[in-house]
Amino acid sequence: MSKPLQIPFNKAELTGKELDRVAEAFALGQTSGDGHFTALCSKWLETNLNANKALLTHSCTAALEIAALLCGIEEGDEIIMPSFTFVSTANAFVLRGAVPVFVDIEHETLNINPDLIEVAITERTKAIVVVHYAGAMCAMDRIQSIASRYGLFLIEDAAQAILTRDGSRFAGTIGDVGCISFHETKNIGCGEGGALLINNNSLSDRAEIIRAKGTNRKAFENGLVDKYGWVDIGSSYLPGEITAAFLLEQLENARALTAAREQKWMKYHRALTPISKLFSLFSIPQANSKIPHNSHIFFLLFQTNKAQCDFIGFMREYNIQCVFHYTPLHTSSEMRKFFRICGDMTVTEMAGERLVRLPLWSSITETEQDYVLQKILDFCEMANIE
């Protein structure tokens with residue numbers, strides 16, 4: 001008897017040469033941060049994303065925290081952002097004493113709704129933070145115009161969006177700063193890692209200082225000062241060289257990994273389009289060329305919370321790990337004193353209660369995807385009978 005398939009939500013991808021790069025890092029004799037491999041990763045990001053400057057960090061959370069410091073966020077400042085996001089998006093600013101102001105998202109993309117941003121702006125607003133959900137690009141032209149008109153910083157939480165491209169512009173390179181994640185669940189990963197993309201050149205020098213614990217070490221290394229010391233606030237935001245070596249191999253194969261992932265995403269889309277129309281239990285993302293994305297997530301949006309829960313439980317019985325996503329940040333009663341809400345959050349709450357993510361990684365096999373799809377069909381037929 002054949003062993004039943006076990007389908008996890010995600011598997012960390014390997015090109016096969018990551019450990020060779022790690023061995024190289026050991027051979028070079030430096031395993032702490034800002035060495036040979038860190039420089040190569042930064043150069044890859046600057047060249048391939050058309051970024052003015054890229055600084056590796058130990059996480060996207062760290063990049064967001066640096067962004068908050070760079071933008072001079074202070075106590076009482078207001079930061080407009082979606083509630084349908086990971087806690088780091090808000091925490092980076094709450095740590096500076098700022099107030100996240102949550103607005104609703106669009107139904108089609110689950111990205112921040114640009115129609116709702118302007119009404120949320122007050123005299124205390126300092127910045128807008130967009131989140132490119134599932135790697136799909138936000139309406140950056142409109143949002144950038146709003147930020148410019150009101151003199152606000154524009155920060156991109158592009159944690160999920162590496163290589164998402166709208167024309168010549170990549171996610172993370174349009175606002176003043178962009179923040180990317182290399183967590184193992186992302187398209188390109190190194191376990192834990194991130195990067196800060198600096199597009200506003202006036203922020204570059206200070207970013208180097210903040211990232212280096214508030215010291216002018218970079219100026220010292222470049223021979224601009226004869227010793228380095230404490231010149232600003234900051235923290236230890238660097239990844240080690242082992243992480244950077246692993247990441248470089250991933251980056252150099254980023255386009256191949258992304259292309260393979262896109263094929264898997266499209267297989268889900270082709271198979272689930274007729275199923276979603278036949279049973280009307282859920283909707284699926286649109287394969288819309290006007291909304292560029294990097295195939296990071298394939299999700300189902302069920303009609304009810306009960307259907308979401310029933311589906312996750314059903315798939316678990318067949319050893320398939322399907323998972324929901326964010327619990328909207330504005331629903332946290334414990335943290336309510338730190339934020340405010342502008343307008344109703346209908347779409348946000350719907351997404352929190354009804355969204356399910358399907359297993360997806362670049363090397364998921366056809367057999368594995370077919371098994372997932374068959375069980376989705378089985379669930380629909382069962383639900384239809386009931």
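In the predicted model, M81 of strand β2 stands opposite F102 in strand β3, and this pairing offers an entry point to the sheet in which both strands take part. Strand β2 comprises residues 78–82, strand β3 comprises residues 99–103, and the two run parallel, joined by five bridges. Between these strands the chain passes through helix α4, which covers residues 87–94, and β2, α4 and β3 together make a right-handed β-α-β unit. Strand β2 is also joined to strand β4, which spans residues 125–131, by three bridges, again with the two strands running parallel; here E78 is the residue that stands opposite T125 in β4. Five of the five residues of β2 are buried, and the strand is therefore largely enclosed by the rest of the structure. The covering extends to both faces, since E78, I80 and P82 on one side and I79 and M81 on the other are all buried.

The sheet as a whole is open and consists of eight strands, arranged in the order β1-β9-β8-β5-β4-β2-β3-β12 with mixed pairing. The edge positions are taken by β1 (residues 53–57) and β12 (residues 340–341), each of which has a single partner strand, so that one side of each is left without a neighbour in the sheet. Helix α2, formed by residues 36–48, packs on the sheet and touches both β1 and β9, the latter covering residues 194–198, while the direction of the helix makes about 135° with that of β1. In general, the strands of a sheet pair through backbone hydrogen bonds, in either the parallel or the antiparallel sense.

Both senses of pairing are found around strand β8. With strand β5 (residues 153–157), strand β8 (residues 177–181) pairs in the parallel sense over three bridges, whereas the pairing of β8 with β9 is antiparallel and extends over five bridges. On the β5 side, E156 stands opposite G178 and D157 stands opposite C179; on the β9 side, the bridge partner of G178 is L197. G178 thus has an assigned counterpart in β5 as well as in β9. Five of the five residues of β8 are buried, and this strand is accordingly largely enclosed by the rest of the structure. Its two faces are both covered, with V177, C179 and S181 buried on one side and G178 and I180 buried on the other.

C179 also enters into the analysis of the cysteines, for which a search of the whole structure finds zero disulfides. The sulfur of C179 is the closest cysteine sulfur to that of C71, but the two are 9.0 Å apart, which is too far for a bond, a disulfide being assigned to sulfur atoms within 2.5 Å. C71 itself is buried, with a relative accessible area of 3%. C322 is likewise in no disulfide, as the nearest cysteine sulfur, belonging to C380, lies 12 Å away. With a relative accessible area of 4%, C322 is also buried.

Outside the sheet, helix α9 comprises the twelve residues 241–252, which at 1.5 Å a residue should span 16 Å; the C-alpha atoms at its ends are 16 Å apart, in agreement with that expectation. This helix is mostly covered, nine of its twelve residues being buried. The buried set consists of E241, A244, A245, F246, L247, L248, E249, Q250 and L251, and these residues pack against α1 (residues 18–28), α2, β1 and α10 (residues 254–279). Contacts with α9 are therefore made by the edge strand β1 and also by α2, the helix that packs on the sheet.

Two loop positions contrast with these buried elements. N222 lies in the loop between α8 (residues 217–221) and α9, and this residue is exposed, with a relative accessible area of 52%. Its C-alpha atom is separated by 33 Å from that of R255, a residue 33 positions away along the chain. L95, for its part, is placed in the loop between α4 and β3, within the segment that connects the helix of the β-α-β unit to its strand β3. At 58% relative accessibility, L95 counts as exposed. Between L95 and I73, which are 22 residues apart in sequence, the C-alpha to C-alpha distance is 9.6 Å.

Terms used: Residues are numbered from 1 along each chain as its sequence is written. This is a predicted model: local features need pLDDT of at least 70, side-chain atom pairs count only at pLDDT 80 or more; totals for chains, interfaces and linings use all residues. Side-chain values use heavy atoms; hydrogens and water are left out. Buried means under 20% relative accessible area, exposed over 50%, partly exposed in between (1.4 Å probe, protein chains only). Helices (H or I, at least four residues) and strands (E, at least two) are DSSP runs, numbered from the N terminus. Two strands pair if DSSP finds at least two bridges between them. A crossover is right-handed if, with the strands pointing away from the viewer, the path from the first strand over the helix to the second runs clockwise. Contact means heavy atoms within 4.5 Å. Axes are lines fitted to C-alpha atoms, for helices over the stretch in contact, and angles run from 0 to 180 degrees between N-to-C directions. The expected span of a helix is 1.5 Å times one less than its number of residues.
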